Amino acid sequence: METIRNWLLPALLAAGQTAWLWPGAALAGEGTPGAAGTVVVVCALAVETAALGRRRQEPVRALAWTLATLVVAQVVWRDGSFGLGALVALYSVAVRRPVPVTLRALAAVVGVEWLLSLAHVGWRPALAAEWALGALVYVVCAGLGEGRRQWLRGRSRAARRLAGAEETRRRAGDTERRRLARELHDVSAHHLTSVVITADAARRLGDGRPEMTAEALAFAERTGAETLTSLRRLVGVMRDADRPDPRPMTARIEELIAGFGRLGRPIAAELPDDLAGPAAEAVHGIVREALTNALRHAPGSAARVSVRRGDGVLELTVDNAAPRGPVPHAVGGLGSGRGIAGMRERAAAVGGELSAGPGPGGGWRVRATLPDGTGPWQPAEGAERRDVLLEQRLADPALAFAAAVLPLAAALAVAEEWTGASLRGAVPGLLVLTVLLSVHALPLLWRRRAPWAAFLGVLGTAWLWPVAVAGASLPSRVSQFFAAGVLAELLSVYALAVYGRGAARTWPAVGAAALSVSAVLPATAAADEEVTGDIAVWITAAVMVVLLCVLWAAVFAAVWGTGLAVRRRRLRVLGQEDFALASSLWHAERAADAERLRLAARLRDAVLERTAALVEQARRGRLEEVAVEARSALAAMRELLHGLGESEDPGQRLTPAPTVADLEALCRDLRAAGRDVTLRGLPEAGRDLPASVALSAYRIVEAALGAGGHGPARVTLRRRRDTLRVTVTGVRPAVTGPVAERLRVQAGSGAGRIAFEQAGIVRVSLPAGPSPAPVQEVSPSPYA
């Protein structure tokens, strides 16, 4: 289908030019280029057709070749060359390249056209009209192409948003399970661990320090109540989205550190006074987890928490000294086994990085670098406004230029006739006419942002015509050029229907425009004193105004109706996009709701009851039972965290994320289904890849191969330095449309780059620096 679209228009142009070459020109009595000239024209036509066939892939190069063939054809056969290929190529450049490139292409095309006109017409008065018409045609073509580019750009953004929403919907269940697991771990783990450690210490030292028993019971009751409150709050907010808390968090982090300090360990803190936003939320969670790990594995050792700002980031460091003496065996096994992984997930969720390993002096250090911000990321203010302004850099100025130059070109062609003097004598009149036309078309620059203001501006400047005729001694025949200048009124009425607020209620503009145009013409004649005091003349003028008003009303009504139809079509497209996006987000939220409700039920049954029993035993003064219930609650919490990867529905289970190693199974399944798919580059390219890169590479290949097609396909992976290059060939349906937008989203999520070739080739580059070594391999510390 794409091939047909690329070659259909060039083939039609070539067929039309060939038909005119023979026998059209001969039948019309026009001259032909002769045998040698015919060969040259046919060769130029073949080159132009080939170039236009590649206009979508290489628009600038296609334009260059088209201009070259235009020059050759015009030199050989001036009156027989249509020159439409240059218009098609320029339009393609405007659609597929940014505005600066389009402007340079426009200058090149107009320059070539002017040089050809100069060569054929010479320095004659008609040259000015030729130049004006040439510039008019190409400027309008480039403006329409730029308008089309902006429309396609908007649709591409919408498709990208929809692809991102679909990806979010697909991962919503897994994402919510992981988020809830992290939240549950952060809320309850360090509380219950603190109770176990305190109770064990009181039991060991109770004979020598009997007051510790009472302190341990009071601490267990207080901490258990806090845990109950936190867990109940978590259950209560299961239906809410995970939104960052915009309030300053420095005080909350200080309170958290002070709570750990009450457990008998010295903790120093250095924090900014205005921490807030997602990064501050991440700091709070990481500090809580790091201090919990330190309490578990190095009880009693000193710790230090430091948060510093620098170069747009927050640098968090949590250091603790080596444990004093052996770690009690009873502490082992209390953790959920995902402490460091959870901290890394929390850092990555806000775009940061985290490392953990041995610190200076034999202790342990957790270090995180997080982007500094005071709230959730938002698009730059005025981004939409900049898009609108960008669209007006060429599209609307091109239409305003057309409205001014079209009647001016007609005036230049007959300047000597309508002035009744030499061309030199027509210069003052032409200058006045140019000013009138420019002022009349100028309001069109605001036809999108302020359509009513543009419409009223066009109507108001139209009444400068009779003023100029009366004050500048212009003949009333200039009214014929005003009739050509009515293009400005037509464009302003169309803009009201397409861009006006409450467009269906803008119909009075049709009557206003018709009445204004119909009244300006006799007013101009009256200013030139062509309308005398004769009653018959006035009656004739009144009848003409009525007839003109009816005629122009029909024309403006047709234009207004066309604009309204275009507006409704665009709104229908936008509505469909919004509905698809909202539907995808709704399904994602429903999947997340299901996970929240499932966890809430299991949380009540597994952890809340045991925690409530812990508080009750503490109130009764039973230290042994407190320790038993605390360990039981901690074990239940750990079992719940591990169980989050399971689901009642096998299709909803949290399976391990696929990697590039799983591409072999994917290709094998496709071959079993009857498609010839080859895979090259494994296992060398897949070794030691970061998990996110391995997942992105797999998803991209999966989406590309799943786009459709039955022909042979090939997947090639290459690892060069710190970059993974993935090439998928034979996937033509994946290089355009929604699949291509989904691939762009997936590549962008991995900070990669992606390119598409119309032949059905997808090329992806993903950063693939070496993964950080597992903590278990760096140190024998039991943190992991």
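Throughout this passage, a residue is called buried under 20% relative accessible area, exposed over 50% and partly exposed in between, with a 1.4 Å probe and protein chains only. The structure is a predicted model, in which local features need pLDDT of at least 70 and side-chain atom pairs count only at pLDDT 80 or more, while totals for chains, interfaces and linings use all residues. Residues are numbered from 1 along each chain as its sequence is written, and side-chain values use heavy atoms, with hydrogens and water left out.

Helices (H or I, at least four residues) and strands (E, at least two) are DSSP runs numbered from the N terminus, and two strands are taken to pair if DSSP finds at least two bridges between them. An open sheet of 5 strands follows the order S6-S7-S8-S10-S9, and its pairing is mixed. Strand S6 (677-680) and strand S9 (753-757) each have a single partner strand and therefore stand at the edges, so that one side of each is left without a neighbour in the sheet. From one strand to the next, the twist averages 10°, where axes are lines fitted to C-alpha atoms, for helices over the stretch in contact, and angles run from 0 to 180 degrees between N-to-C directions. S9 pairs with strand S10 (residues 761-767) in the antiparallel sense over 5 bridges, and Glu-757 has Ile-761 in S10 as its bridge partner.

Two helices are described against this sheet, with contact meaning heavy atoms within 4.5 Å. Helix H22 (residues 663-672) packs on the sheet and touches S6 and strand S7 (713-720), its direction making about 160° with that of S6. Helix H23 (residues 691-705) lies across S6, S7, strand S8 (723-729) and S10, and runs at about 10° to S8.

With a salt bridge defined as a side-chain nitrogen of Lys or Arg within 4 Å of a carboxyl oxygen of Asp or Glu, the count comes to 12 salt bridges. One of these joins Arg-308 and Glu-270 at 3.6 Å, N to O, and links distant parts of the chain, since Arg-308 lies in strand S2 (residues 303-310) and Glu-270 in strand S1 (residues 267-270), 38 residues apart. Arg-308 is partly exposed at 47% relative accessibility, as is Glu-270 at 32%. A further salt bridge, between Glu-315 and Arg-367 (3.8 Å, N to O), connects strand S3 (residues 313-320) with strand S5 (residues 364-371), its two residues being 52 residues apart. Glu-315 counts as partly exposed at 33%, and Arg-367 has a relative accessible area of 36%, so Arg-367 is also partly exposed.
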